[in-house]
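Trainee: I'm new to this one and would like a close look at a single part. Could you walk me through one helix and its surroundings?

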Amino acid sequence: MTNAGDMADRDLDEVFAALARSDFRSSFRLRGKELDYLRKKGLPTVLEHAASFVEQRLAPAHPANDGKQTPMGNHPAFVAQHATGACCRGCLEKWHKIPKGRALSPAEKEYVARVIGRWLASQES
Ligand SMILES: [Zn+2]
């Protein structure tokens, strides 16, 4: 397979390097109640929630309220989505080259979950 879901880690490294050069994206940190939640629930559980957010809020070809569907807080995955440009279909297109206007493939959903997971893991320590 050659789709985004199989992107090698070095490609994710490039995406994360680009995010680090964005003042806006790199301004996000996990803190307060979202950090506590991650520590209490653990990364696997938080990633299950993230997968369902992706499924419901990002994966459809035309998600409801696209551009405003991801709250700025209240769940660690939401913070991760803003930090990684995975908050809406416009940002997914800009940062991850996943085109708007069509449903995400299973591999793309997996890829987005991997991006969110990598960012969350970087915030845990
Ligand atoms: Zn966005």
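Mentor: Let's take helix H4 and what sits around it.

First, some ground rules: this is a predicted model, where local features need pLDDT of at least 70, side-chain atom pairs count only at pLDDT 80 or more, and totals for chains, interfaces and linings use all residues. Residues are numbered from 1 along each chain as its sequence is written, and side-chain values use heavy atoms, with hydrogens and water left out.

H4 covers residues 76-83; helices here are DSSP runs (H or I, at least four residues), numbered from the N terminus. H4 packs against helix H6, residues 106-124, with the axes 9 Å apart and an angle of about 105 degrees. Axes are lines fitted to C-alpha atoms over the stretch in contact, and angles run from 0 to 180 degrees between N-to-C directions. That angle makes H4 roughly perpendicular to H6, a label that goes with 65 to 115 degrees.

Who does the touching? On the H4 side it's Pro76, Ala77, Val79, Ala80, Gln81 and Ala83, and they meet Ile116, Trp119 and Leu120 of H6; contact means heavy atoms within 4.5 Å. Sorted by class, this contact has eight nonpolar residues, one polar and no charged ones. Here Ala, Val, Leu, Ile, Met, Phe, Trp, Tyr, Cys and Pro count as nonpolar, Asp, Glu, Lys and Arg as charged, and the others, Gly among them, as polar.

H4 has a link to helix H3 too. Of the two aromatic pairs found in the whole structure, one is Phe24 with Phe28, which is edge-to-face at 5.2 Å centre to centre and 85 degrees between the planes. The other is ours: Phe53 and Phe78 are stacked, 4.4 Å centre to centre with 25 degrees between the planes. Rings of Phe, Tyr and Trp (its six-membered ring) pair if their centres lie within 6.5 Å; planes under 30 degrees apart count as stacked, over 60 as edge-to-face and the rest as tilted. Phe53 lies in H3 and Phe78 in H4, so the pair ties together parts that are 25 residues apart in sequence. Phe53 is buried at 13% relative accessible area, and Phe78 is buried at 6%.

Now the loop between H3 (43-58) and H4: Asn65 is found there. Asn65 has a phi near 55 degrees, a positive value in a residue other than glycine. Asn65 is exposed, at 57% relative accessible area. Buried means under 20% relative accessible area, exposed over 50%, partly exposed in between (1.4 Å probe, protein chains only).

Notes
Helices (H or I, at least four residues) and strands (E, at least two) are DSSP runs, numbered from the N terminus. Angles under 35 degrees count as roughly parallel, over 145 as roughly antiparallel, 65 to 115 as roughly perpendicular and the rest as oblique.
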